Amino acid sequence: MRDAVSRQMWGFLIHLGTKMWPAYAGDARLEVDRSVWDAVTERMAEKKLNTLVIDLGEGLRYPSHPELGTVGSWEPEQMREEIARLRKMGILAVPKLNFSSSHDLWLGEWRRYLSTPDYYRVCADVIRDVAAVFDESPLFHLGWDEETIAIQGRANKFPLVRLRQGDLWWHDCLFTVGEVERAGMRPWVWSDFCWHHPETFLKRMPKSVLQSNWYYGRNLAPEHLKACDAQSPSLGGPRVVQVDTYRVLDEAGFDQVPCGSTYREDSFQTQNFPATVKHCRKVVAPERLKGFLMAPWLVKIVGANRQGLLDSVDNVAEARDGHAES
């Protein structure tokens, strides 16, 4: 196993590829404005954010499966050069591939072979390719969020609904976990499966897998969450359960990197991340709190998202330093 991260993470999620959502299925080429990418990473270095989680998708040319790339996909050597540049800036580059069937458009035709021998072969191939490129990262994020009918069945956004349940979900999740561990890296996943199946999750999820629970509301106070739940349901289930999962995971002994966001469907918001930091510092034991991750969900690295991405970096620094309102 590669050396674990010894410093507390102040991380930022960025998307190189975008084919994790149906809205981007028809994109014929990679849209990454390098000036925006550089501005974001330079702001990270300035604000002393130390980890960049790169959601790869179709954004990397996989040597074993070049058919998964698109026009403009980064070659492995180009990514290695960027990893080295980030390292000189004090930023660790961590890879992410999402194997949830709600976010795997990047797998192309192979996503239709779900849970078959060919599917497992392709998953193992691309994990091995990515591990070879990110050979200094001790971590590998595998996604595994939102594989639910509530996500895939709404508004006809998914023309083909594919869900794994029970033992099959666990088999496939743990298969990817095993492939990452085989590469000498620590697997990392989103924790929302625990919202719906807490007893099974706590029993079957290995403690070696780093957890990122998430909640993006402005206020994490239980009374506020209960009022919101009474007023309108959430696609993820009760908000009280979502936020309480930080405590549940800690009491079960899992290491965590809680995730917050500046995302709202109707506006940019700054309250969630500092509220997440404040809450999790209370309910997660220091030895298991490995850091925090910002996921702004401004997916395309283009000029229109430049300021929002920069402001999201600033939001992390303000929450860390205790200057933002919480």
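This is a short chat about the cores, cysteines and two loop residues of a predicted model.

User: What kind of model is this, and how are residues numbered?
Analyst: The model is predicted: local features need pLDDT of at least 70, side-chain atom pairs count only at pLDDT 80 or more, and totals for chains, interfaces and linings use all residues. Residues are numbered from 1 along each chain as its sequence is written, and side-chain values use heavy atoms, with hydrogens and water left out.

User: Which residues touch the most other members in the largest nonpolar core?
Analyst: Ile54, Leu56, Met79 and Phe99, in a core of 77 residues. A nonpolar core is a set of buried Ala, Val, Leu, Ile, Met, Phe, Trp, Tyr and Cys residues joined through side-chain atoms within 4.5 Å. Buried means under 20% relative accessible area, exposed over 50%, partly exposed in between (1.4 Å probe, protein chains only).

User: What other core is there?
Analyst: Another core, of 17 residues, lies apart from it. Leu13, Leu139, Trp188 and Cys259 are among its members.

User: How many disulfides?
Analyst: Zero, where a disulfide is a pair of cysteine sulfur atoms within 2.5 Å.

User: Why is Cys259 not bonded to Cys280?
Analyst: Their sulfurs are 10 Å apart, too far for a bond. Cys259 is buried at 0% relative accessible area. Cys280 is buried too, also at 0%.

User: New topic. Which residue is not a glycine but has a positive phi of about 65°?
Analyst: Lys48. Lys48 is exposed, at 61% relative accessibility. Ser115 also has a positive phi, near 65°, and is not glycine either.
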